[in-house]
Amino acid sequence: MRLTSLPPSFARWGRAALALCGLAVLPGCDFNFWRMDGHQTTMVTAGPVAKSQLDVFYVTVWVTFIIFILVGAVLAYATIKFKAKTEADEHAEPPEQSHGNPLIELGLIGASILALVVIAVPTLKAIWYTYDVPEELRENAYEVTATGYQWWFKFEYPNEQIDGAGTLVTGNELVIPAGRPVRVNLRTVDVIHSFWVPKLAGKVDMIPNRGNHLWLQADEPGYFWGQCAEFCGESHAVMRFRVIALSEEDFAEWLAAQKAPARTVAPAVAQAGALPQAQFASFRRNEYGFTDKWDANAAVPPLEHWRQQQFPAKDEDAALIAEGRRLFVEKTCAGCHAIRGHEGMGITGPDLTHIGSRTTIAAGLLENNREQMARWLKHPEVVKPGNLMYTTGYVANNVQLNDAEVNALVAYLESLK
Ligand code: HEC
Ligand SMILES: [Cu+2]
């Protein structure tokens, strides 16, 4: 269901006009600026909620644009028409003044009211529409709970039960079914955060002691950028996340893989990979022809990159991984992070049961590869100022990691597909 359907040319010309206006204040801008489809743009949308928000924006832009043209035209007309053209004009009496003309006064009041109504009607409709999943779509809606922490996001799947282990929990990457409305319950454990996925929906605050919610829908499978949009302390600006929308079939596979306990790499199965490859077969297919225009020059489009991340590395070293697992307990990591099926029990940090299958670490800040993981583990305080893993973990527990230990921990975390 679409709330409003402005003709596409509205959006096209609106964007062109905005780009022109922006150009005046942003010299040296590049081609991506003109397209206005960066990772966190609100000008190119991928679902009905963001689309309805964009439509409201364009209504306002067009109303104010028309007012601008009318006022500008009257000003230009008066300037040219009443310009002093001869020496005599300059000393002439001013023309007859029409101050207080009731027709003009009432006309302007009427026009202002009309302009406000034109803006208010679609705005109110959009407020109701975006508040919650529309009645007729509710049956098909999928539910998740997002909780803000300083400075990362926990994602829970209240309807996905795991035998003996509660409900499914992940962190910093929210995987959803494409083409289905998703209701997101918004919670926080500390200060106010705000949930925002510009191309899909936003932004609604996560407020202490108050249950908020929003809904969103990704029309097609894709990979989207999210961001905390409410100042929440030192590392607020780098409190990010991702939303990955999958086809119904892929989503079911992903759920099954995530519900499984942490993967253990025994020497014998290391070469083949412990997970049955067939189970993940469809992650490999890029059947959507998905391309992220922003990353047109990148070697691999983001969703494809995400798919590849689901597979174990070819060069896994079972002994090194076992050493990493041992260090995970010895270095107190297990006290803050859960690794279901292994030793991790903590709940103050992100769940790491399948950390190896995520594309990012440190709340969407770094790419999840060996180099960046080592960087994060070695000096989390440099990567992310004030983060609690460093202040309440490394400092409080006096954790020191040498290069060999970091290497083993990286191998272990990477193996958790
Ligand atoms: C005091 C609790 C605590 C301890 C101890 C701790 N961590 Fe963390 N860890 C956190 C928190 C909190 C975050 C989220 C930080 C952020 O993004 O702001 C985090 C983030 C991470 C991440 C990134 C997860 C993601 O999804 O982005 C990894 C990987 C990680 N920790 C591994 C470890 C390892 C390995 C150790 C042991 C050497 C460890 N942690 C010790 C609390 C802890
Ligand atoms: Cu925040």
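**Exercise 1. Is Phe 65 buried, partly exposed or exposed, and at what relative accessibility?**

Solution. Keep in mind that this is a predicted model. Start with the cut-offs: buried means under 20% relative accessible area, and exposed means over 50%. Phe 65 comes out at 35%, so Phe 65 counts as partly exposed. Now try Trp 62: at 24% relative accessibility, Trp 62 counts as partly exposed too.

**Exercise 2. Work out how the rings of Trp 62 and Phe 65 are arranged.**

Solution. Begin with what you need: a pair of aromatic rings is described by the distance of the centres and the angle of the planes. A search of the whole structure turns up 16 aromatic pairs. For Trp 62 and Phe 65, the centres are 5.6 Å apart and the planes stand at 90°, so the pair is edge-to-face. Next, place the two residues: they sit three residues apart in helix α3 (residues 48-81), and are therefore separated by about one helical turn.

Now take Tyr 149 and Trp 152, whose rings are 4.3 Å apart centre to centre with 20° between the planes, which makes a stacked pair. Both Tyr 149 and Trp 152 are buried. To finish, look for a cluster: ring pairs tie together Tyr 142, Tyr 157, Phe 251 and Trp 254.

**Exercise 3. Find two cis peptide bonds and say where they sit.**

Solution. Here's the background: most residues other than glycine have a negative phi, and most peptide bonds are trans. Step one takes you to the bond from Gln 150 to Trp 151, which is cis with omega near 0°. Trp 151 belongs to the loop between β1 (142-149) and β2 (152-161). Step two is the bond joining Gly 202 and Lys 203, also cis, with omega about -15°. Lys 203 is located in strand β7 (residues 201-206).

**Exercise 4. Compare the settings of Asn 172 and Asn 209, each of which has a positive phi.**

Solution. First the angles: phi is about 65° at Asn 172 and about 60° at Asn 209, though neither residue is a glycine. Then the locations: Asn 172 is in the loop between β3 (167-171) and β4 (173-177), while Asn 209 is in the loop between β7 and β8 (212-216). Last, accessibility: Asn 172 has a relative accessible area of 5% and is buried, whereas Asn 209, at 85%, is exposed.

**Exercise 5. Describe how α3 packs against helix α5 (residues 102-131).**

Solution. Get the geometry first: the two axes come within 10 Å and cross at roughly 170°. Angles over 145 degrees count as roughly antiparallel, so α3 is roughly antiparallel to α5. Then check the contacts: the α3 side includes Val 56, Val 59 and Val 63, and the α5 side includes Val 118, Ile 119 and Tyr 129. Sorting the contact residues gives twelve nonpolar, five polar and no charged.

**Exercise 6. Do the same for helix α10 (residues 370-378) and helix α13 (residues 403-415).**

Solution. The axes come within 9 Å and cross at roughly 125°. That makes α10 oblique to α13. As for handedness, the crossing is right-handed. On the α10 side you'll find Arg 370, Met 373, Ala 374, Leu 377 and Lys 378, and among their α13 partners are Asp 403, Leu 409 and Glu 414. The tally for this contact is seven nonpolar, no polar and four charged residues.

Note on methods
Residues numbered from 1 in each chain as written. Chains lettered and ligands numbered in written order. Predicted model: local features only at pLDDT ≥ 70, side-chain atom pairs only at ≥ 80, totals over all residues. Heavy atoms only, no water. Axes fitted to C-alpha atoms, helices over the stretch in contact; angles between N-to-C directions. Helix = DSSP H or I, 4+ residues; strand = E, 2+ residues; numbered from the N terminus. Parallel < 35°, antiparallel > 145°, perpendicular 65-115°, else oblique. Left-handed = near helix turned anticlockwise from the far one by under 90°. Contact = heavy atoms within 4.5 Å. Nonpolar A, V, L, I, M, F, W, Y, C, P; charged D, E, K, R; others polar. Phe/Tyr/Trp six-rings, centres within 6.5 Å; stacked < 30°, edge-to-face > 60°. Buried < 20%, exposed > 50% of the residue type's maximum accessible area, 1.4 Å probe, protein only.
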